[in-house]
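User: Could you walk me through this one term by term? I'd like to hear what earns each label its place.

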Amino acid sequence: MTNNKSDSSLEWASQAYALLKQKQELKKQEEQQKVEQQKVEQQKVEQQKVEQQKVEQQKVEQQKVEQQKVEQLTKEVNKKDFSNLQKDTEVKLGEFDEDFTWSAMVLAAQGKKVNEISIDEIDWLSKLRRGLEETRKGFVSELLDKLGDDPLTPESLDDLETLLIRADVGIDSTDKVINSLRKKLNEEVVGGEEGIKFLKDELRAIIEKPIKNSGINILVPKRGKLNVWLIVGVNGVGKTTTLGKLAYLSSKSNYKTLIAAADTFRAAAVEQLQVWGDRSNVDVISNQSKNADPAAVVFDAINAANKRKSDLLLVDTAGRLQNKNNLMDELSKIKKIIDKKVPDAIIESLLVLDASQGQNGLKQAKSFAKSANLSGAIITKLDGTSRGGVSLAVSAEVNLPIRFIGAGEGIKDLRPFNSFEFIEALLADR
Ligand SMILES: Nc1nc2c(ncn2[C@@H]2O[C@H](COP(=O)(O)OP(=O)(O)OP(=O)(O)O)[C@@H](O)[C@H]2O)c(=O)[nH]1
Ligand SMILES: [Mg+2]
């Protein structure tokens with residue numbers, strides 16, 4: 001009995017032991033799991049820390065880059081001031097070369113007398129012709145190669161169509177030109193030379209149309225009133241540079257001129273304008289405080305313009321804001337201020353377009369035209385682009401009169417738009 005009893009208690013004890021051991025194992029496992037979990041948590045926290053550090057580091061790097069950009073910009077502005085000052089000196093008469101003879105011919109074709117021609121005009125036309133060389137290369141030269149001196153054929157029209165589209169002339173204008181040429185071809189034999197002349201006339205008609213519609217041939221400030229020209233466009237197209245050149249043209253022509261630095265968004269914008277102002281002897285109204293309100297700058301500038309009886313107020317505007325809506329809102333705020341303060345001012349909203357952006361520039365023009373109530377366009381960077389043809393698309397598809405064109409970074413590299421000279425330069429090989 002006793003034995004039995006002790007057997008069963010042994011059994012019981014070993015069961016209890018096994019149970020306890022199991023419990024202990026479980027506890028151990030649980031604890032181990034806990035430790036593991038803690039480890040994972042710990043790792044997570046550490047990883048988060050590392051990531052946060054990375055973000056902080058990136059922020060610091062970004063700030064550094066921004067700072068460097070501002071410094072670089074300021075340096076560039078200062079450097080440009082110096083290099084361009086040298087360019088400002090009088091233009092010298094160059095060689096009696098093709099540039100000269102071609103430019104002289106273009107002036108003569110517009111009825112200029114021999115003694116009416118200036119070195120500045122020759123210099124500008126040479127620049128324009130050279131600037132449009134790339135556009136011409138992919139367009140006229142190839143066309144002439146294909147045409148030779150033979151009469152035009154339906155096949156050569158197909159070639160011309162492709163070339164016009166490639167030169168960013170735009171589909172509408174290309175269709176128009178090709179259709180008129182086709183009509184002419186159906187009626188008579190058209191020789192190569194005559195074809196080019198006809199093409200020039202057609203292209204000129206396209207580019208002239210919005211100018212004629214506006215009733216103003218060449219845009220100049222009206223005397224006796226305050227003229228306000230808003231210079232608008234997306235970032236980097238050349239607004240500030242163009243404004244600087246306009247200030248020079250205007251003050252040279254004895255208009256009392258003033259500049260409003262209403263691009264308060266871009267770093268070093270005021271400094272950049274100040275350089276141009278100094279070079280053309282035109283004062284710049286600005287507000288140096290951070291995040292200044294562009295409309296407030298325009299407000300101050302109008303007060304100054306009224307006090308000084310200025311003829312022309314040139315307003316530099318931002319090309320890059322947080323988004324496009326802000327940009328348009330800003331422009332309409334500026335316009336409201338002008339309307340309120342000087343209701344009889346003559347406002348021009350001039351869209352600056354970088355020719356080298358081709359079809360992209362055309363898109364910008366269309367979107368600005370929708371919301372910004374534009375009155376004209378200024379085409380810049382016509383030097384060294386193969387996309388000068390986009391000027392035609394702007395006239396045909398956005399119906400904007402081109403008022404000035406720029407072909408270089410110098411103070412004299414901007415001129416009132418002259419369709420005859422432009423088309424002659426575009427098709428200069430004949
Ligand atoms: N080759 C060439 N360069 C030009 C011409 N016009 C402007 N530029 C250059 O284009 C660059 C940008 O010009 P900006 O006048 O600063 O352009 P912006 O539109 O005011 O730029 P944001 O103020 O940043 O919007 C500068 O390096 C100018 O020198 C031009 O007709 N020909
Ligand atoms: Mg600018």
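User: What makes β5 and β6 a pair?

Analyst: Two strands pair if DSSP finds at least two bridges between them, and strands themselves are DSSP runs of E, at least two residues long, numbered from the N terminus, while helices are runs of H or I with at least four. β5 and β6 are joined by five bridges and run parallel, so they meet the criterion of at least two. One of the residue pairs is Asp-354 with its bridge partner Thr-380 in β6. Please keep in mind that this is a predicted model, where local features need pLDDT of at least 70, side-chain atom pairs count only at pLDDT 80 or more, and totals for chains, interfaces and linings use all residues. Residues are numbered from 1 along each chain as its sequence is written, and chains are lettered from A and ligands numbered from 1 in the order in which they are written.

User: How many bridges tie β1 to β5, and how many tie β1 to β4?

Analyst: β1 shares six bridges with β5, in parallel, and Ile-231 has Leu-350 of β5 as its bridge partner. Strand β1 (residues 227-232) also runs parallel to strand β4 (residues 312-317), with five bridges between them; there, Leu-230 is matched with Val-315 in β4. Both pairs therefore pass the test of at least two bridges.

User: Why are β3 and β8 called edge strands?

Analyst: The open sheet has eight strands with mixed pairing, in the order β3-β2-β4-β1-β5-β6-β7-β8. β3 (283-285) and β8 (414-416) each have a single partner strand, so one side of each lacks a neighbour in the sheet. From one strand to the next, the twist averages 25 degrees.

User: Why are α12 and α13 described as roughly parallel or antiparallel?

Analyst: Helix α12 (residues 358-372) and helix α13 (residues 390-398) cross at roughly 30 degrees, their axes coming within 10 Å. Axes are lines fitted to C-alpha atoms, for helices over the stretch in contact, and angles run from 0 to 180 degrees between N-to-C directions. Angles under 35 degrees count as roughly parallel, over 145 as roughly antiparallel, 65 to 115 as roughly perpendicular and the rest as oblique. α12 and α13 are therefore roughly parallel. The crossing is right-handed, a label for a near helix turned clockwise from the far one by less than a right angle, with left-handed for anticlockwise.

User: Which label does the pair α7 and α13 get?

Analyst: Helix α7 (residues 192-214) crosses α13 at roughly 50 degrees, with axes that come within 8 Å. That makes α7 oblique to α13. This crossing is left-handed. Leu-203, Ile-206, Ile-207, Lys-209 and Pro-210 of α7 meet Ser-391, Leu-392, Ser-395 and Ala-396 of α13, where contact asks for C-beta atoms, placed from the backbone, within 7 Å.

User: How do you know how α2 and α3 are oriented?

Analyst: Helix α2 (residues 98-109) packs against helix α3 (residues 119-131) at about 110 degrees, with axes 9 Å apart. α2 is therefore roughly perpendicular to α3.

User: And what makes a residue part of the shell around ligand 1?

Analyst: A residue is near a molecule or strand if its C-beta atom, placed from the backbone, lies within 6 Å of it. Ligand 1 is surrounded by 21 residues, and the closest are Asn-235, Gly-238, Thr-241, Gly-319 and Gly-406. Helix α8 (residues 239-252) gives the most, three residues. The shell comprises three nonpolar, 10 polar and eight charged residues; Ala, Val, Leu, Ile, Met, Phe, Trp, Tyr, Cys and Pro count as nonpolar, Asp, Glu, Lys and Arg as charged, and the others, Gly among them, as polar.

Notes
Contact = placed C-beta atoms within 7 Å.
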